[in-house]
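Here is a set of short exercises with worked solutions. Have a look at the structure, try each task, and then read on.

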Amino acid sequence: MTIKIDWNQFKIKNENHRKSFEDLCYHLFCRKFGITEGIRRNYNQVGLEIYPINDKKTSKCIGFQSKFFDNKLSDSSSKKQIIDSIKKAKKSYKDLDKIIIYTHLSFGSKNPEYKQKIEKEAGKIEIEWFIKSNFEILLNQPLNLDLTQLYFDIGDELGFIKKERKGSGLNI
């Protein structure tokens, strides 16, 4: 059974949805890179959400930015926010190799012009996009169901009930 990731439900469940989205992305970033003890971070870090890390596998210096927009990703204000963050990160972290941009939105097409403009602004820094479809896949994986429960208030209640009834000898 696939759990539907509903961003409107996310906004209802999380009073400060932008801060909660940043926290969700922080957890996913840490899990992606096997970081179990957290990363030094200051809120509103210059251009990034956290100080960049050095990936043990690739030796690349990597940071991330989380962007929860109430408008479209293609809107000029969204594009400007992302580009401003990239500019600040490039200026502040000279060794930065890659920025992962987490957003709950998706592109209108495979490689729209605004996406190309953002990536061009990054220059030598690789941009990895983590968009709506990535969240849908990752938050349905067993390892991340705790985050799905925490941020979306979605759990496996039906599975729990079936397991309990099976243990009691009742058939469903």
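**Exercise 1.** Find which residue in E2 is the bridge partner of Asn54.

*Solution.* Start at Asn54 and cross over to strand E2: the bridge partner there is Cys61. Helices (H or I, at least four residues) and strands (E, at least two) are DSSP runs, numbered from the N terminus. Next, look at the pairing: E1 and E2 run antiparallel to each other, over two bridges. Two strands count as paired if DSSP finds at least two bridges between them. Finally, place the pair in the whole sheet, which is open, has four strands in the order E1-E2-E3-E4, and shows mixed pairing. Strand E1 (53-54) and E4 are at the edges with a single partner strand each, so one side of each has no neighbour in the sheet.

A word on what you're looking at: this is a predicted model, where local features need pLDDT of at least 70, side-chain atom pairs count only at pLDDT 80 or more, and totals for chains, interfaces and linings use all residues. Residues are numbered from 1 along each chain as its sequence is written, and side-chain values use heavy atoms, leaving out hydrogens and water.

**Exercise 2.** Work out where Ser59 sits and whether Ser59 is exposed or buried.

*Solution.* First, the place: Ser59 belongs to the loop between E1 and E2. Then the surface: Ser59 has a relative accessible area of 60%, so it is exposed. The cut-offs are under 20% for buried, over 50% for exposed, and partly exposed in between (1.4 Å probe, protein chains only). Last, check a distance: Ser59 and Asp97 are 38 residues apart along the chain, and their C-alpha atoms are separated by 9.5 Å.

**Exercise 3.** Say which residues have the most contacts inside the largest nonpolar core.

*Solution.* Take the core as a whole: it has 26 residues. A nonpolar core is a set of buried Ala, Val, Leu, Ile, Met, Phe, Trp, Tyr and Cys residues joined through side-chain atoms within 4.5 Å. The residues with the most contacts inside this core are Trp7, Leu24, Phe29, Tyr102 and Phe135. Now ask who supplies the core: H2 gives the largest share, seven residues. Then zoom in on Phe135, whose contacts (heavy atoms within 4.5 Å), leaving aside neighbours within four places in sequence, include Trp7, Leu24, Cys25 and Tyr102. There is also a second, separate core of 21 residues, with Ile99, Leu105, Ile118 and Ile127 among them.

**Exercise 4.** List which residues of helix H4 (residues 113-122) are buried, and find what they pack against.

*Solution.* Begin with the list: Tyr114, Lys115, Ile118 and Ala122 are buried. They cover an arc of only 105° around the axis, so they are on the same side of H4. That arc is taken from the directions from the helix axis to the C-beta atoms. Turn to the face away from this buried side, and you meet the exposed residues Glu113 and Lys120. As for packing, the buried residues of H4 go against helix H3 (76-92) and strand E4 (126-130). Just after H4 comes Gly123, with a positive phi near 65°.

**Exercise 5.** Name which residues are buried in H6.

*Solution.* In H6 the buried residues are Leu147, Thr148, Tyr151 and Phe152. Their arc, seen down the axis, is 100°, so they line one face of the helix. They pack against H1 and H2.
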